[in-house]
Amino acid sequence: MHTIWLSLDTGIDDCFALLLLLKEKDIKIDGIIATYGNVELEKTFKNTRDVLHFAGYDDIKVYKGSASPLVDKPCYGYDCHGKNGVNNIKLVSSTAPIENENAFDAFYNRAKELNGQMELVMLGPSSDFANTYFRHPDIVKYLKRVVLMGGSFSGGNRTSQAEFNIYADPISSEILFESGVDIVMAPLDVTLKSYFDLDDIKTLSSFDNKLSHLFEKMSVNIMKFYYKNSGYHRFFFHDACPIVYLSDESIFKSIKCHVKIETKSKLAYGKTISDYDCDIPYEGKEVTALIDVDRQKFVKHCFDIYKTY
């Protein structure tokens, strides 16, 4: 059983990753931190709570996390996720009580109680980790590992070199990767292979349940965005990769490597640089990087859960 805290910037793929995660039988969500990213914090906080309400999980506590990166101004993904983060659809508002405790203290205190058994899953920028680390530097010894969606060893999707989540706050990402915590990362190299094609989407529609109806309404513009930028009619399910990995590592192929974050270059700001297949490796702790996926098994895993809605 995995016990996790989740940090996410609830946009469209985050929404369906969360709906997937809620029904994973071997994963327990102990708490959630909403962070800025795809849209502003106030919106991601609301979206996260409303998705939980949609699924009937109002008992899971959601805390307000980081509102901005450590240094730069926020960059948002309106072009992909819409102004409210969920394709401008109005979800039924959650009636759960608002959590007022500081997110980073709540996260740290719970990690300390679990004493090394908690995993942090991050589907947005790394700012929540960095802000917790500044307040509680010993958080590293209380975390089992961090599993994140982010980075790219090839091209980027925010710039030609940088993936969105890392580009959003490279300084926080550098703090994470230099902290010494065990890391599993799902970069674009694997998430762009983890998609639903048009046949898969037809299958999803055939479920004729509340999740498939939500997907039909929410995915229209993001599918157009993906087609415009990739030329493929696909739903790239980036944020599901860490979730599916936690449930079944065998679906993915991974490598061990060192990863550095570029924080100086104007051209490559936010790029993740690996020493994989390099004669002179970097120093420091290696990470586990997912580089390939059995897409058919990935889709089946998602659909087996989505059918239950």
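Biologist: Why is Ser179 called buried?

Modeller: Keep in mind that this is a predicted model. The relative accessible area of Ser179 comes out at 14%, and buried means under 20%. So Ser179 is on the buried side of the cut-off.

Biologist: Where does Ser179 sit, and what is it in contact with beyond its sequence neighbours?

Modeller: Ser179 belongs to the loop between α8 (170-177) and β6 (183-186). If you skip the residues within four places in sequence, its contacts are Phe129, Tyr133 and Val140.

Biologist: What makes the pair Ser179 and Val181 a polar contact?

Modeller: A polar atom of the Ser179 side chain lies 3.3 Å from the backbone nitrogen of Val181. The limit is 3.5 Å for N or O atoms, so 3.3 Å passes.

Biologist: How do you know that α8, just before that loop, is mostly covered?

Modeller: Six of its eight residues are buried. They are Pro170, Ser172, Ser173, Ile175, Leu176 and Phe177.

Biologist: And what makes α13 a largely enclosed helix?

Modeller: Seven of the eight residues in α13 (residues 240-247) are buried, so the rest of the structure largely encloses this helix. The buried ones are Ala240, Cys241, Pro242, Ile243, Val244, Tyr245 and Leu246.

Biologist: Now Thr132. Why does it count as buried?

Modeller: Its relative accessibility is 0%, and anything under 20% is buried, so Thr132 qualifies. Thr132 is part of helix α5 (residues 127-135).

Biologist: What does the side chain of Thr132 reach, and which residues further off in sequence are in contact with Thr132?

Modeller: The side chain reaches the backbone oxygen of Asp128 at 2.8 Å. With neighbours within four places left aside, Thr132 is in contact with Phe104, Phe107, Tyr108 and Ile139.

Biologist: Asp128 and Phe104 ring a bell. Which residues does Gly65 have as contacts, leaving aside those within four places in sequence?

Modeller: Gly65 is in contact with Ile33, Ala34, Leu41, Ala103, Phe104 and Asp128. Gly65 itself is in the loop between β3 (62-64) and α3 (78-81).

Biologist: Is Gly65 buried or exposed, and why?

Modeller: Buried, because its relative accessibility is 13% and the cut-off is under 20%.

Biologist: What about Val62, which lies in strand β3: why is that one called buried?

Modeller: The relative accessible area of Val62 is 3%. Set that against the limit of under 20%, and Val62 is therefore buried. Outside the four places on either side in sequence, Val62 is in contact with Ile32, Ala34, Phe45, Thr48, Arg49, Leu52 and Glu99.

Biologist: How far is Val62 from Met223?

Modeller: They are 28 Å apart in space, C-alpha to C-alpha, and 161 residues apart in sequence. As for Gly65 and Thr44, they are 10.0 Å apart in space, again C-alpha to C-alpha, with their positions 21 residues apart in sequence.

Biologist: What is notable about the phi of Asn87?

Modeller: Phi is positive there, about 60°, although Asn87 is not a glycine. Asn87 is in the loop between α3 and α4 (103-114). Its relative accessible area is 12%, and under 20% means buried, so Asn87 is buried.

Biologist: Asp277 also has a positive phi, near 60°. Why is Asp277 called exposed?

Modeller: Because its relative accessible area is 75%, and exposed means over 50%. Asp277 lies in the loop between β11 (272-274) and β12 (287-293).

Biologist: Let's zoom out. How many helices and strands does the protein have, and what makes it as compact as a globular protein of that length?

Modeller: It has 14 helices and 12 strands. The radius of gyration is 18 Å, and the globule rule gives 19 Å for 309 residues; the two are close, so the protein is as compact as a globular protein of that length. Along its principal axes, the C-alpha trace spans about 50 × 45 × 35 Å.

Biologist: What share of the residues counts as buried, and what share of the contacts joins residues at least 24 apart?

Modeller: Of the 309 residues, 59% count as buried. Among contacts between residues at least 6 apart in sequence, 82% join residues at least 24 apart.

Biologist: What about the surface and the charges?

Modeller: About 13100 Å² is exposed, with carbon and sulfur atoms supplying 49% of it. The protein has 36 positive and 43 negative charges, and their mean positions are 4 Å apart.

Note on methods
Residues are numbered from 1 along each chain as its sequence is written. This is a predicted model: local features need pLDDT of at least 70, side-chain atom pairs count only at pLDDT 80 or more; totals for chains, interfaces and linings use all residues. Side-chain values use heavy atoms; hydrogens and water are left out. Helices (H or I, at least four residues) and strands (E, at least two) are DSSP runs, numbered from the N terminus. Buried means under 20% relative accessible area, exposed over 50%, partly exposed in between (1.4 Å probe, protein chains only). Contact means heavy atoms within 4.5 Å. A polar contact is a pair of N or O atoms within 3.5 Å; within protein, one must be able to donate a hydrogen and the other to accept it, and residues adjacent in sequence count only if both atoms are side-chain atoms. The radius of gyration is taken over C-alpha atoms; the globule rule is 2.2 Å times the number of residues to the power 0.38. Accessible areas come from the Shrake-Rupley method with a 1.4 Å probe; for residues, only the protein chains shown count as cover. Lys and Arg count as positive and Asp and Glu as negative; His and the chain ends are not counted. The place of a charge is taken as NZ of Lys, CZ of Arg, CG of Asp or CD of Glu.
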